[in-house]
Amino acid sequence: MRRQALQLLGRALHTSAPRAPALRRPQLAAVGGWRSGGAPAGFFSTDAAAGASAAAGAAQGGSKSEAAAAASSGAVQGGSKPAAAAAVAQGSGGGGQDGKSEQDKGKSVRGGPVSWLSFLLLLVTGGGIIVYYDKEKKRHIEELKNKTNSVKPAQSVGTAAIGGPFSLLNHDGKPVTEKDFLGKWTLLYFGFTHCPDICPDELQKMSAALNKIKEKEKLEIVPVFISVDPERDTVEQVHDYVKEFHDDLIGLTGTSEEIRKVARAYRVYYMKTEEEGSDYLVDHSIVMYLMNPKMEFVKFFGKNYDEDTLAQGIIKEIREHKSS
């Protein structure tokens, strides 16, 4: 009785328990390790193993994309995703490192912006260009020096066409011509009595230089002031003006035509400026003319001379004239 009761209980449990669904053959082969014929094949099937082997070989060859493709192909054919993943992992862990190192080596040599060889060629080329242009520059300078030395200075012929006859009135109202200054060294200056600053400065410089020449060389030089403002510079005006600078200073004036002629003869420029009624200025050349005892032009001295250089220049010209 006891045995029959146990049999009835077992049947009841077997009848009430749900049946497990049937697994597909490829899955059983992958999970259970069985081939289609039922023989054991390790952990995965033959198709999955072939796919994994292909993936591993492609990965060792250096291409991850080929490994992945091979693994996927094998996994689809064999129905085993774990096998494909294992093959890809093995290939990327093994041969992938060698492929990555080779790729890095290629980038350091060929992939960079400038290689060592191109940099060396650039340095050599740049140095050669610099040396070449330096030699050309030195050669050009040497040629210019040779050309300059080969040109001989031309000898001066005659004297400048400065000076000529004139007829004016001195500060005492007496007629004066260039002949009245023959036999004496003369220093001429053109200006006007209403000049605010330049003319007084130049006449003071002239007076100081002549005093130094007289003390040092015992030379008598006649200073002459010729007005370029005949409308305002009358005889009386010129008389009062010249006595403010030097006792020997001679002032000359005349008509507009007479002043025009003497200014043209001595190449003197003058022109009225800023005219406001009777008050105006005269723009003119700032030059002193040294004339020899024959009233011939010797040299002119500009505003850049001070009283010392002016005195030295006049002494030098007089000495050279006497020695010639």
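Is Asp229 counted as buried or exposed in this predicted model? At 2% relative accessibility, Asp229 counts as buried, and the legends below take up this residue and several other sites in turn.

**Figure 1. The salt bridge between Arg232 and Asp229.** The side chains of Arg232 and Asp229 meet in a salt bridge, with a distance of 2.7 Å from N to O. Both partners are classed as buried, Asp229 at 2% relative accessibility and Arg232 at 15%.

**Figure 2. Salt bridges that involve helix α8 and the residues after it.** A search of the whole structure finds nine salt bridges, and this view presents some of them. Lys212 and Glu307 are joined through their side chains, at 2.9 Å from N to O. This pair links distant parts of the chain, since Lys212 belongs to helix α8 whereas Glu307 belongs to helix α11 (residues 307–323), and the two are 95 residues apart. Lys212 is partly exposed, at 30% relative accessibility, and Glu307 is likewise partly exposed, with a relative accessible area of 32%. Another salt bridge is formed by Glu220 with Lys214, where the closest N and O atoms are 3.7 Å apart. Here Glu220 is exposed, with a relative accessible area of 53%, while Lys214 is partly exposed, at 40%.

**Figure 3. Thr253 and its surroundings in strand β5.** Thr253 has its place in strand β5, which covers residues 250–253, and with a relative accessible area of 4% this threonine is buried. A polar atom of the Thr253 side chain lies 2.8 Å from the backbone oxygen of Asp233. When residues up to four places away in sequence are not counted, Thr253 touches a set of residues that includes Leu168, Leu169, Ser227, Val238 and Ile259. Asp233 and Pro230 are also among the residues that Thr253 touches.

**Figure 4. Pro230 in the loop between β4 and α9.** Pro230 is found in the loop that runs between β4 (221–227) and α9 (235–242). With a relative accessible area of 19%, Pro230 is buried, because the cut-off for a buried residue is under 20%. Leaving aside neighbours within four places in sequence, Pro230 is in contact with Thr253, Gly254, Thr255, Ser256 and Ile259. The C-alpha atoms of Pro230 and Leu252 are separated by 9.9 Å, and these two residues are 22 residues apart along the chain.

**Figure 5. Two cysteines without a disulfide.** The sulfur of Cys195 has its closest cysteine sulfur in Cys199, at 3.1 Å. This distance is too far for a bond, because a disulfide requires the two sulfur atoms to be within 2.5 Å. The count by this rule comes to zero disulfides. Both cysteines are nevertheless buried, Cys195 with a relative accessible area of 9% and Cys199 with one of 0%.

**Figure 6. The largest nonpolar core, with Tyr289.** The largest nonpolar core has 52 residues, and those with the most contacts inside this core are Tyr266, Tyr289 and Ile314. Helix α8 (residues 198–217) gives the most to the core, with six residues. Apart from residues up to four places away in sequence, Tyr289 touches a group that includes Ile162, Leu187, Phe190, Tyr266, Val268, Phe297 and Phe300. Among the other residues touched by Tyr289 are Thr186, Arg267 and Lys299.

**Figure 7. Two loop residues with a positive phi.** Most residues other than glycine have a negative phi. Lys218, although not a glycine, has a positive phi of about 60°, and its place is in the loop between α8 and β4. Arg267 is also not a glycine and has a positive phi of about 55°, in the loop between α10 (256–265) and β6 (270–276). Lys218 counts as exposed at 67% relative accessibility, and Arg267 counts as exposed at 52%.

**Figure 8. Confidence along the chain.** The chain averages a pLDDT of 73, and 58% of the residues score at least 70. Over residues 22–110 the pLDDT is below 50, and this stretch has 64 contacts in the model beyond near neighbours in sequence. For residues 148–157 the pLDDT stays under 50, and the model has zero contacts for them beyond four places in sequence.

Terms used. Residues numbered from 1 in each chain as written. Predicted model: local features only at pLDDT ≥ 70, side-chain atom pairs only at ≥ 80, totals over all residues. Heavy atoms only, no water. Helix = DSSP H or I, 4+ residues; strand = E, 2+ residues; numbered from the N terminus. Buried < 20%, exposed > 50% of the residue type's maximum accessible area, 1.4 Å probe, protein only. Polar contact = N/O pair within 3.5 Å; in protein donor to acceptor, adjacent residues only side chain to side chain. Contact = heavy atoms within 4.5 Å. Core = buried A, V, L, I, M, F, W, Y, C linked by side-chain atoms within 4.5 Å. Salt bridge = Lys/Arg side-chain N within 4 Å of Asp/Glu carboxyl O. pLDDT = per-residue confidence, 0-100.
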